[in-house]
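Please look through the model below before reading on. The report that follows takes up single residues, helix contacts, buried regions and unusual backbone positions in turn.

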Amino acid sequence: MEACTKATKSWLNSVEYREKNFAREKLVINPAKACQPLGALLCALGIEGCLPFTHGSQGCTAYFRSTLSRHFREPVAAVSDSMTEDSAVFGGQGNMIEGLKNAYTVYKPNVIAVFTSCMAEVIGDDIKSYLGNAKDQGAIPQELPVALANTPSFKGSHITGYDTMLKGLIECLAKPRQDETINDRLYVVPGFDTYPANLREYKRILKTMNAPYTLLPDSSDVVDTPNFGTYELYPGGTPIKEMNEALNAAGFLFLQTYTIPTTSKFLAGLGVPVETLAMPMGIAGTDKFIETVAKFTGKEVPDEITNERGRAIDAMTDAHQYIHGKRFALFGDPDILIGLVSFLLEMGGMPVHIVCTNSTPLFKKAMEKLLASSPYGKEATLYAGKDLWHLRSLLVTEPVDMLIGDAHGKYAARDANIPLVRIGFPITDRVNLHRYPIVGYSGVINMITMIANTFLEEKDRASTDTYFELMR
């Protein structure tokens with residue numbers, strides 16, 4: 001049996017198996033993505049007094065909640081109307097009406113965000129009609145805002161659901177745009193971001209630059225609440241008042257490109273000024289963010305920000321020799337991959353394998369352009385639509401020095417005998433990483449610290465007594 005196991009493992013690590021693995025077309029093994037409703041839930045959490053509501057099975061909601069809770073190590077509030085087999089046959093209107101009534105009675109939300117799971121989408125439930133009937137029957141008050149989003153799990157991914165829910169929340173809560181009531185605020189949309197520290201870093205930078213802003217949505221205090229010994233159901237989020245004025249914004253700044261195309265197009269169609277940037281990771285990405293905010297405010301960049309940039313450059317110089325020339329494999333969502341690759345190229349790191357399950361044609365074009373802009377990107381290949389079993393074949397047949405991605409990469413990293421630096425979502429086997437920003441100039445320092453120190457730790461572990469030195 002042991003000999004058979006060794007032979008099987010040896011074959012799985014072969015180029016022959018890699019070719020068979022990449023030849024499969026219908027089977028997906030461990031995709032690096034989650035389903036739409038999970039993204040919708042995270043989006044809804046970022047609105048003040050908002051209760052996420054799944055029109056679907058209780059088991060689906062339990063999965064969304066547990067996945068987010070394990071990443072943030074915080075309770076995640078959400079309810080479900082518990083559709084079962086009879087709902088699949090006769091429709092889920094009764095479940096939705098009763099569920100809305102119970103949710104409002106028990107939890108008293110300011111707004112309810114309804115999104116769908118597979119069952120409701122497969123049978124074609126009309127949630128807009130169901131909502132109207134619920135209000136007509138007195139299950140919930142007529143004036144209670146309820147945002148709607150169709151989020152079928154069998155297409156798209158968590159970033160698609162985030163986008164659809166954000167559009168639904170704006171449609172539900174925002175007043176029509178009026179030329180005479182345009183405000184001076186910059187509405188900053190972080191996109192699907194599971195680092196509350198990133199959201200706080202954005203707010204700190206915007207305050208430092210004295211920019212009038214609204215972060216939309218803002219889940220930082222919801223998924224990373226202070227522990228005072230009591231539980232608060234609605235601990236933060238973008239204020240409803242500022243949601244009401246969203247369409248009267250002076251402008252919208254999107255900090256992810258591939259997470260929010262539907263919302264961006266919707267706002268632009270209403271005449272709202274929209275600008276989209278890459279996720280501000282690395283020096284170039286952060287510079288662009290700072291320059292854009294400065295352009296909006298019409299003010300000079302404050303010395304505090306300039307000093308932060310200088311410290312990040314100094315950290316890059318100090319650690320350059322530990323990252324320069326190293327070979328990397330990466331996986332994750334499109335926006336975070338663009339940011340990570342940009343950062344690695346600045347450090348002289350060499351991305352080799354880039355796996356993006358939820359890739360898009362626009363992302364593929366942008367990534368290839370980014371890689372072509374640097375000599376360090378010449379060995380890189382983007383594997384669009386591939387999964388983590390494809391990634392494993394790449395790692396064991398064409399070795400690299402490090403894998404960067406979420407916790408699901410630990411199995412492939414172990415099989416390839418390389419370190420994993422955990423960046424992305426979900427991270428369930430390490431603590432507090434979501435409390436360190438990976439955006440802005442502070443994020444540059446944090447990523448350098450994680451990557452360079454991991455290499456140094458590996459060097460110490462592998463050193464003989466002769467080369468086990470105090471200085472590295």
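## A report on the predicted model

Valine 274 counts as partly exposed, because its relative accessibility is 28%, a value that lies between the limit of under 20% for buried residues and that of over 50% for exposed ones. The structure described here is a predicted model, and valine 274 is found in its strand β8, which covers residues 274-276. If neighbours within four places in sequence are left aside, valine 274 is in contact with Phe252, Phe254, Ser264, Leu267 and Ala268. Between the C-alpha atoms of valine 274 and alanine 250, which are 24 residues apart along the chain, the separation is 9.3 Å.

Aspartate 314 also deserves a look, and its place is in helix α14. With a relative accessibility of 45%, aspartate 314 counts as partly exposed. Its C-alpha atom is separated by 63 Å from that of aspartate 86, and these two residues are 228 residues apart along the chain.

**Nonpolar cores**

Which residues have the most contacts inside the largest nonpolar core? They are Phe289, Met367, Ile404 and Ile451, and the core to which they belong has 61 residues. Helix α15, made of residues 334-346, gives the most to this core, with eight residues. A second, separate core has 47 residues, and Leu216, Val222, Ile240 and Phe425 are included in it.

Isoleucine 451 can be followed further, since its contacts are listed by name: not counting residues up to four places away in sequence, isoleucine 451 touches Ile323, Phe328, Phe343, Leu344, Met402, Ile404 and Val421.

**Helix α10 and its two partners**

Helix α10, residues 196-208, meets helix α14, residues 303-323, where their axes come within 9 Å and cross at roughly 135 degrees. Angles over 145 degrees count as roughly antiparallel and those from 65 to 115 degrees as roughly perpendicular, and α10 and α14 are therefore oblique to each other. On the α10 side the residues that meet the partner are Arg204, Ile205 and Thr208, while on the α14 side they are Glu304, Ile305 and Glu308. Sorted by kind, the residues of this contact of α10 with α14 divide into two nonpolar, one polar and three charged.

Helix α10 also packs with helix α13, residues 282-297, at an angle of about 45 degrees, and the axes of these helices are 11 Å apart. The pair α10 and α13 is therefore oblique as well, and the crossing of these helices is right-handed. Tyr202, Ile205 and Leu206 of α10 make this contact together with Phe289, Ile290 and Val293 of α13. Here the residues of the contact divide into six nonpolar, no polar and no charged.

Ile205 of α10 takes part in the contact with α14 and also in the contact with α13. Phe289, on the α13 side of that second contact, is among the residues with the most contacts inside the largest nonpolar core.

**A covered helix**

How many of the ten residues of helix α3 are buried? Helix α3, residues 36-45, is mostly covered, with ten of its ten residues buried; among them are Gln36, Pro37, Leu38 and Gly39. The elements that cover the buried residues of α3 include strand β1 (50-55), helix α4 (58-72), strand β3 (111-116) and helix α9 (158-173).

**Backbone positions that stand apart**

Most residues other than glycine have a negative phi, and most peptide bonds are trans. The table lists positions that depart from these habits.

| Position | Feature | Value |
|---|---|---|
| Leucine 216 to proline 217 | cis peptide bond | omega near -10 degrees |
| Phenylalanine 425 to proline 426 | cis peptide bond | omega near 0 degrees |
| Arginine 73 | positive phi, not a glycine | about 55 degrees |
| Serine 82 | positive phi, not a glycine | about 55 degrees |

Proline 217 has its place in the loop between β6 (213-215) and α11 (240-244), whereas proline 426 is found in the loop between β13 (420-422) and α19 (440-462). The residues that come before these prolines, Leu216 and Phe425, are both included in the second core.

Arginine 73 lies in the loop between α4 and β2 (79-80), and with a relative accessible area of 46% this arginine is partly exposed. Serine 82 is found in the loop between β2 and α5 (85-90), and serine 82 is partly exposed too, with a relative accessible area of 28%.

How values were computed. Residues are numbered from 1 along each chain as its sequence is written. This is a predicted model: local features need pLDDT of at least 70, side-chain atom pairs count only at pLDDT 80 or more; totals for chains, interfaces and linings use all residues. Side-chain values use heavy atoms; hydrogens and water are left out. A nonpolar core is a set of buried Ala, Val, Leu, Ile, Met, Phe, Trp, Tyr and Cys residues joined through side-chain atoms within 4.5 Å. Buried means under 20% relative accessible area, exposed over 50%, partly exposed in between (1.4 Å probe, protein chains only). Helices (H or I, at least four residues) and strands (E, at least two) are DSSP runs, numbered from the N terminus. Contact means heavy atoms within 4.5 Å. Axes are lines fitted to C-alpha atoms, for helices over the stretch in contact, and angles run from 0 to 180 degrees between N-to-C directions. Angles under 35 degrees count as roughly parallel, over 145 as roughly antiparallel, 65 to 115 as roughly perpendicular and the rest as oblique. Ala, Val, Leu, Ile, Met, Phe, Trp, Tyr, Cys and Pro count as nonpolar, Asp, Glu, Lys and Arg as charged, and the others, Gly among them, as polar. A crossing is left-handed if the near helix is turned anticlockwise from the far one by less than a right angle, and right-handed if clockwise.
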